[in-house]
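Notebook open, coffee in hand. I wanted to see how this chain is put together, starting with a sheet and then stepping back to the whole.

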Amino acid sequence: MNFRPNVFNLCDTAVRSRQRRVDEKSKRHGGELVAEVLNQHGITHVFTLVGGHISPILVACEKLGIRVVDTRHEATAVFAADALARLSGTVGVAAVTAGPGLTNTVTAVKNAQMAESPILLIGGAAATLLKGRGALQDIDQMSLFKPLCKFCATVNCVREIVPTLRKALQMAQSGTPGPVFVEFPIDTLYPYELVKKEIGMKEKGPTSLVQKVINWYLQNHLTNLFAGAWEPKDTSPLPVIIPYASSSQIQQCAKLVSRAKKPVILLGSQATLPPTPVSELRAALETLGIPCFLGGMSRGLLGRKSEIQARQQRREALKDADLVILAGAVCDFRLGYGRVLNRRSKIIAINRDKDQLYKNSDMFWKPAIAVQADVGSTISALTAALKGYRCDPDWVHLLRSRDEETEKKNSVKAEETTNVHLNPLKVLHTLEDIMTDNTILVADGGDFVATAAYILRPRGPLMWLDPGAFGTLGVGGGFALGAKLCRPDAEVVVIYGDGSLGYSVAEFDTFTRHKTPVLAVVGNDAGWTQIAREQVPLFGTSVGCDLDYTNYHEVARGYGGRGLQLDRTNEDKIKEVLQQAFAEYRNGNSILINVLIGKTNFREGSISV
């Protein structure tokens, strides 16, 4: 929903503004109000790439103890805010300068929208008097972000700052979470005297009638801009609006589940949203005992190994199931637009977003019950309504046996010799064996990362970060940064493709400067292999898909990190090299392992669209 409520159109006419108090000698500035609101809302970090339009905000945040983390690209700042929001359950905040600073964030903001991450994007803007007059970096920013954000607003005078930010932060978390955008013209952030000087008022010496008129106009504008600026205002959070299932909906769902012989639950990222703690949701799922396929942020929800988690052969399970609960899962391309669902199955759909709840239900599937509500609380309530229920253990065992069969085949394939360099499955199986239970995995890439998703097991809830439905490359640096700052005791491991690494390898400088060590494993097969998989057989050329076996470990060193290389020359020491990397990492160093890999027929036939 894109709107700017009239309640925030608070700038009075110049005549009425003169009746309000303006403290012309105050050294305070609008950035202080921004910081106060963020502080009251529990915001601990602001991610940024600095610019003059937003300097007052960053300075004020620093004074209040909010950590300002500057990155090497504005998109990284938003990705970092996104990761922090997902892991903390609060709003992630990014602040960038006007014009190109904001346009650089568009992809990251769209990714947050599709991933349903609550982030606040703060943007600078040209002074209120100069909008549309050719000022530096002055563009129509609102038109860019209205399609991407739940809420967009321009602050037109200083007294709007507090209520606008409170509303924005509330909207980011309410209903279906998502990004919000607040634009700050530069004259709403700087002190009165400086703004007065910059707008060109001339009060000393003789003045013409024209200059007097100009001065009168400018004084009225200035008065309106700062009138009531420092009057006390409530900066505390507004209540977050969350949709809950009704008791009748819970009872309808319970009736269907109690009759099912082969139920399956598909969990999406919404399952991990507040207010239901992930530990409570996990306990509810384990009580039901229904086999679960986990996607998005719900990966790892049931721990590394669980009797009720199914990882392989999802399509076959859905063909056999007589009941499917779409718990935040959506019938988009990831579920074949609903085609993978058995038409004879009863479908219970639970989602906060009405559009996602019914996605493609006019084509390939129909819900028996559609519940527009919070996923976690609905599953908890359903478990309570099904007291004493336990899924048929034979059905659970069948899906477990399929998993074990597939995983045995993968282990055998990991021992095959590739045409050149290392077998990626062997490297990933070794990594899986040595990762600790305190590892957060970040996925950023195509072919190598898709393979990793079959092999690597997140150790627990909220320990897997991938871009989500938008499939964005370049999230790695920002996600890793946000994850490490949110959970400094965790070991953050980024799984990169060699193509996706190019987007954010410069953030090794950020990791070093901010003492936030990250370990990166790069599957280097010298190409955009996920695209080549289909392009070469179809069209007989790899044009645009070819890269080199670049020395990425040396690039990381240049940015202040450490670097190691794995290839066929040290194939018998894969475990030792990975352990060496973790040892360097635990000493406080960011490290990149450049893994030269060959090609296998694992996932043969997978395509990128």
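**The sheet**

I started with the strands and found six of them in an open sheet, ordered E2-E1-E3-E4-E6-E5, with parallel pairing. Strand E2 (67-70) and strand E5 (151-154) sit at the edges with a single partner strand each, so one side of each has no neighbour in the sheet. I also looked up the twist: neighbouring strands are turned by 20° against each other on average, direction ignored. Worth remembering that I'm reading a predicted model here.

**One strand pair, one helix**

Next I picked out strand E4 (residues 119-125) and strand E6 (residues 180-185), which pair in the parallel sense over six bridges. For a landmark in that pair, I noted Leu 120 opposite Val 180 in E6. Then I checked what packs on the sheet: helix H4 (residues 74-88) does, and it touches strand E1 (45-49), strand E3 (92-96) and E4. The direction of H4 makes about 165° with that of E3.

**Stepping back**

I tallied the protein chain at 24 helices and 17 strands. Its radius of gyration is 27 Å, close to the 25 Å from the globule rule for 609 residues, so the chain is as compact as a globular protein of that length. The C-alpha trace spans about 90 × 65 × 45 Å along its principal axes.

How much of the chain is buried? I got 57% of the 609 residues. For the accessible surface I wrote down about 25500 Å², with 52% of that belonging to carbon and sulfur atoms. Last entry: of the contacts between residues at least 6 apart in sequence, 77% join residues at least 24 apart.

Definitions and conventions. Residues are numbered from 1 along each chain as its sequence is written. This is a predicted model: local features need pLDDT of at least 70, side-chain atom pairs count only at pLDDT 80 or more; totals for chains, interfaces and linings use all residues. Side-chain values use heavy atoms; hydrogens and water are left out. Two strands pair if DSSP finds at least two bridges between them. Helices (H or I, at least four residues) and strands (E, at least two) are DSSP runs, numbered from the N terminus. Axes are lines fitted to C-alpha atoms, for helices over the stretch in contact, and angles run from 0 to 180 degrees between N-to-C directions. Contact means heavy atoms within 4.5 Å. The radius of gyration is taken over C-alpha atoms; the globule rule is 2.2 Å times the number of residues to the power 0.38. Buried means under 20% relative accessible area, exposed over 50%, partly exposed in between (1.4 Å probe, protein chains only). Accessible areas come from the Shrake-Rupley method with a 1.4 Å probe; for residues, only the protein chains shown count as cover.
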